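Work through the two exercises below with the model open. Each task is followed by its solution.

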Amino acid sequence: MKTLNRALLALLLLLATACSSTQTASDDSTEQEVETPKNLMFGIDAEQYEIRCGEIGDGATMGEILSGFGLSAVEVDRLDRAAAEVFPLRNIRAGHHYTAFMGRDSVQGKRLCHFAYQRNPIDYVRFDFMDDSVGVMLGEKPCKVTRTKKSAVITSSLWGAIMEQNLPYGLAAELEDIYQWTVDFFGIQDGDSFTVIYDEKFIDDTVSVGISRVWGAQFNHGGREYYAIPYKQDGKLKYWEADGASLRKMMLKAPLKYTRISSKFTYARRHPITKRVRPHTGVDYAAPMGTPVHSVADGVVVFKGWGGGGGNTLKIKHAGGFRTGYLHLSRYAKGIHKGSHVVQGQLIGYVGSTGMSTGPHLDYRIWKNGKPINPLNVPQDPAEPISKEHRERFEYVRDHIIAELHGEVAEADKIKQLDSIVIPAKVEPQVESEN
């Protein structure tokens, strides 16, 4: 009996070993069979389909496009109802691209299996057709982020330098936003220069889709150096000067962008229409009709209306006895009226040529306690500086950013996040014993 039990036990162990070996072999086989798709498009293995690409034409509807790929009116209606809460089909726009994935059906032949519509270079919406059901999903193309450092010397304008160096156009807007309180971009001089560290996003490894972060900059303007050091204080990302002073000032340097000064502050200007010499206590910014105009500081609108020769005019009262005026507007921004509270940078109107004007421009004026002052020479006090609590961490970030701006640094020494700055502990030098 004992001999029989031993035999049965041995047989069970042999079967268990065989099953385990078979399972392991099966698992290995499965692992070998599962391969990552080599050509993923919009999350779909494109190798399994015939790909057809196109562009939405003027006046085209999704129904017309899908019917061209064999979908019936009933199927289009089913998709329209399924997509209503995610991406209404009426939201497609001319000029945007689409990709159709055609599969093969044993009964119908070629049929539409997936359809991807590109909302912009990164975001897309995908429609999936599975037998009698449909699926709708939003997605993003994967982006590769590349950190870059570039320098340029300005010979005409910031935008000119950006184009000459073949840098991303978005970089000019980023620098203008960062330095809008500090650098007078209408007074850029030949020989001014900048160095900037930034992250640029790419899709498909080659197509740039914008700047995701500026990690630091140095702007040389009129013989002065202006650093821009990123740091989060009170949970908000702002840019600071090297000494910890805020780059943000009480007033913006100018109420609009991308233009030029056509007339400066003076008490003796020959008026282009009346031909009479009279004071012009403002600065004229020549700009295309409809260029957005922004409030240079927080304040309250105290006048909105026709200002005689100034045409459509806004006047805003600010702290410290300041008032600003915006003349010759073509129209006002929505919601702007007398008594409106506005914040710095808020859209308040659009460049025009109303009143006594020879062409579209903004006549921008500032008064201090009722007396007109030159907008190009307004004394500025910076906003709150880096606090004592943040000083050590800020200086750690600053030192690393400035080192990178001025030379090459190891990858491990680059500042790559600002949410939790940890300062490495200092290693005290060991003193050898005389014994």
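A charge sits over a ring if NZ of Lys or CZ of Arg is within 6 Å of the ring centre and within 35 degrees of the ring normal. The model is predicted: local features need pLDDT of at least 70, side-chain atom pairs count only at pLDDT 80 or more, and totals for chains, interfaces and linings use all residues. Residues are numbered from 1 along each chain as its sequence is written, and side-chain values use heavy atoms, with hydrogens and water left out.

**Exercise 1.** Find which residue lies over the face of Phe-303, and at what distance from the ring centre.

Solution. Lys-315 lies over that face, at 5.9 Å from the ring centre of Phe-303. Elsewhere, the charged end of Arg-213 sits over the ring of Trp-215, 4.9 Å from its centre.

**Exercise 2.** Classify the aromatic pair of Tyr-231 and Phe-394 and place both residues.

Solution.
- Step 1. Rings of Phe, Tyr and Trp (its six-membered ring) pair if their centres lie within 6.5 Å; planes under 30 degrees apart count as stacked, over 60 as edge-to-face and the rest as tilted.
- Step 2. The ring centres of Tyr-231 and Phe-394 are 5.9 Å apart and the planes stand at 85°, so the pair is edge-to-face.
- Step 3. Tyr-231 belongs to strand β11 and Phe-394 to helix α6, 163 residues apart (helices are DSSP runs of H or I, at least four residues; strands of E, at least two; numbered from the N terminus).
- Step 4. Both Tyr-231 and Phe-394 are buried (under 20% relative accessible area, 1.4 Å probe, protein chains only).

Terms used
Buried < 20%, exposed > 50% of the residue type's maximum accessible area, 1.4 Å probe, protein only.
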